[in-house]
Amino acid sequence: MKNKNNNITFLLAMLLTVTFTANAMQEQEQIEDVVQIAQDTIKSNFKRIKLDGVSAVVGDYVILDSDIEKTLIDLRSQGVSEDDITKCGLLGKLMEDRLYAHQAVQDSLLVSDDEVNATSERQIQSLVGQIGSMDKLLKYYKKDSQEALREDLFKINKLRMLSEKMQQKIIEEIEITPEEVRQFYKKIPKEERPVFGAQLEIAQIVKQPEASEEEKQKVIDKLNKIREDVLVGGSSFKIKAIISSEDEGSRSNGGFYKIKKETNFVKEFKDVAFSLKEGEVSEPFETQFGFHIIYLEKIKGQERDVRHILMAPKISDERLEEARLELEKIRQRILDGELTFAEAALNFSDQKETKYEGGQLRNPQDFSTKFELTKMQPELYNQVRDIKDNEISMPILEVEQQGGAKKYKIMKITNRYDEHVADFAQDYTKIQELALTQKRVDAIQEWMVEHINDTYVSINKDNKDCEFKNNWFKK
């Protein structure tokens with residue numbers, strides 16, 4: 001190794017000498033020849049040194065043997081069977097990720113350090129919550145300090161986020177026409193067509209009683225007191241959220257959310273969050289979940305780091321009972337033929353999202369009206385599993401996770417589809433989704449072929465027998 005380093009030092013010196021004495025030489029072509037020889041020799045020697053302990057190089061990214069081992073350990077810790085993975089398969093996946101990330105940088109698809117750090121911090125908080133303490137987490141990952149753990153997570157997340165940005169760019173403009181869906185379906189041999197599980201279409205009528213004005217004012221007063229404690233008394237908003245917030249999704253994290261204008265939060269919440277300045281705490285305001293106050297912790301371009309406290313006014317047992325009795329009367333009127341379920345939903349349901357569609361629920365996964373039994377949310381499944389065709393349930397009490405608001409509803413199975421082989425007309429939405437997925441896969445594969453050819457790739461000779469799904473050896 002010492003001789004190699006001496007050779008490189010000599011060649012660097014020669015290169016510098018040639019550069020600084022260029023004006024004194026008469027033959028420019030001779031200068032260029034000497035410079036090129038020096039550069040090529042340095043590159044050759046550096047490559048031989050660098051590749052010791054390196055599995056592969058893709059563009060600007062190096063994959064160390066230890067990277068493969070770390071990934072393998074992580075997969076084992078997640079319960080992934082080693083029968084499902086091979087070292088070559090893992091190396092191929094790591095090379096794909098590096099190619100995406102390399103090209104993302106070339107295309108100026110940048111990820112800010114703040115964004116990466118925020119993601120890493122959320123992961124650490126989640127892991128600490130699962131494992132029990134930071135000390136246990138460091139021991140589990142064999143790290144000497146929090147800084148070492150954060151450094152590792154930063155590198156992993158930066159690479160992953162760049163890779164995801166590149167993949168999203170490849171497929172973002174891909175659309176599919178009805179004719180392409182039809183051709184996709186026709187090309188599937190009958191014996192290979194997918195089988196879809198039993199599906200249900202579900203409708204509901206909801207009565208959500210309102211709290212009294214007195215109960216609402218009690219909550220507003222509590223939130224104003226917390227606001228005063230923070231702004232005047234110097235109390236920690238984070239601690240107040242942990243103690244007082246009724247939002248189960250963020251309470252343990254001090255009410256923290258990272259949001260953009262396109263984040264899927266209710267409009268009232270985003271309007272207030274984006275009207276605040278750093279360090280401000282909002283006045284109490286109301287959403288469908290209850291009353292909130294928001295503390296704007298930090299502004300990061302189009303992104304806001306916020307903490308919030310949610311409190312829902314208590315609904316009296318008397319008002320809940322009134323809602324249940326009203327639904328019983330509505331149910332009986334439907335059974336007596338006075339009005340249809342859809343008409344009752346339009347006229348009496350308190351749920352704006354469904355009342356104008358006859359109470360019909362929409363699947364949040366694909367916005368269709370069909371819910372596959374095996375993929376249904378447990379709460380919804382428990383509500384409908386015993387409802388027979390043409391039957392209307394008795395009033396069902398439901399408690400919302402955010403704020404704990406209570407409501408009653410009656411439900412009906414409007415259509416039932418048994419397990420069946422894919423049918424073009426009946427399952428068009430699902431077939432369209434499969435066709436679009438395949439079109440995206442094809443586009444990514446075409447991109448991969450093109451950019452492997454255009455990108456510097458070097459694979460250690462120890463991996464020469466690997467059979468990759470992509471042409472990394474450029475044969």
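Leaving aside neighbours within four places in sequence, D418 is in contact with F196 and A198. In this predicted model, D418 is found in the loop that links strand 11 (406–417) to strand 12 (420–421), and its C-alpha atom lies 6.9 Å from that of G197, although the two residues are 221 apart in sequence. With a relative accessibility of 56%, D418 counts as exposed, because the threshold for that class is over 50%.

Strand 11, which precedes this loop, also belongs to an open sheet of four strands, ordered 9-4-11-10 and paired in the antiparallel sense. The edges of this sheet are occupied by strand 9 (370–372) and strand 10 (396–399), each of which has a single partner strand, so that one side of each is left without a neighbour in the sheet. From one strand to the next, the twist averages 50°. Strand 4 (residues 199–207) and strand 9 run antiparallel and are joined by three bridges, and within this pairing the bridge partner of E201 is K370 in strand 9. Helix 13 (residues 341–348) packs on the sheet, where it touches strand 4 and strand 11, and the direction of helix 13 makes about 40° with that of strand 4.

Another open sheet is formed by three strands in the order 2-1-13, again with antiparallel pairing. Its edge strands are strand 2 (61–64) and strand 13 (457–459), each of which pairs on one side only, and the twist in this sheet averages 15° from one strand to the next. Strand 1 (residues 54–58) pairs with strand 2 over four bridges in the antiparallel sense, and V57 stands opposite V62 of strand 2. Helix 4 (residues 87–106) lies across strand 1, strand 2 and strand 13, and runs at about 160° to strand 2.

The largest nonpolar core has 41 residues, and those with the most contacts inside it are M95 and W472. At least two residues of this core are supplied by each of strand 1, helix 3 (65–77), helix 4, helix 7, helix 8 (178–187), helix 16 (428–454) and strand 13. Of these elements, helix 4 provides the largest share, with eight residues. Apart from neighbours within four places in sequence, W472 is in contact with V58, G92, M95, E96, L99, M448, I452, V457 and I459. A second core, separate from the one that holds W472, consists of 13 residues and includes I205, L320, L327 and I392.

Helix 3, one of the contributors to the largest core, also contains I73. This residue is partly exposed, with a relative accessible area of 48%, a value that falls between the limits of 20% for buried and 50% for exposed residues. The C-alpha atom of I73 is separated by 10.0 Å from that of Y141, which is 68 residues away along the chain.

Helix 5 (residues 113–131) has 19 residues, which at 1.5 Å a residue should span 27 Å, and the separation of 26 Å between its end C-alpha atoms agrees with this expectation; the expected span is obtained by multiplying 1.5 Å by one less than the number of residues. Within helix 5, V116, A118, T119, S120 and I124 are buried. The buried residues of helix 5 pack against two helices, helix 6 (134–140) and helix 7 (146–171), and against two strands, strand 5 (256–259) and strand 7 (290–300). Just after helix 5, G132 takes a positive phi of about 125°.

Taken as a whole, the protein has 16 helices and 13 strands. Of its 475 residues, 39% are buried. Among contacts between residues at least 6 apart in sequence, 65% join residues that are at least 24 apart. The protein exposes about 28800 Å², of which carbon and sulfur atoms supply 49%.

Notes
Residues are numbered from 1 along each chain as its sequence is written. This is a predicted model: local features need pLDDT of at least 70, side-chain atom pairs count only at pLDDT 80 or more; totals for chains, interfaces and linings use all residues. Side-chain values use heavy atoms; hydrogens and water are left out. Buried means under 20% relative accessible area, exposed over 50%, partly exposed in between (1.4 Å probe, protein chains only). Contact means heavy atoms within 4.5 Å. Accessible areas come from the Shrake-Rupley method with a 1.4 Å probe; for residues, only the protein chains shown count as cover. Two strands pair if DSSP finds at least two bridges between them. Axes are lines fitted to C-alpha atoms, for helices over the stretch in contact, and angles run from 0 to 180 degrees between N-to-C directions. A nonpolar core is a set of buried Ala, Val, Leu, Ile, Met, Phe, Trp, Tyr and Cys residues joined through side-chain atoms within 4.5 Å.
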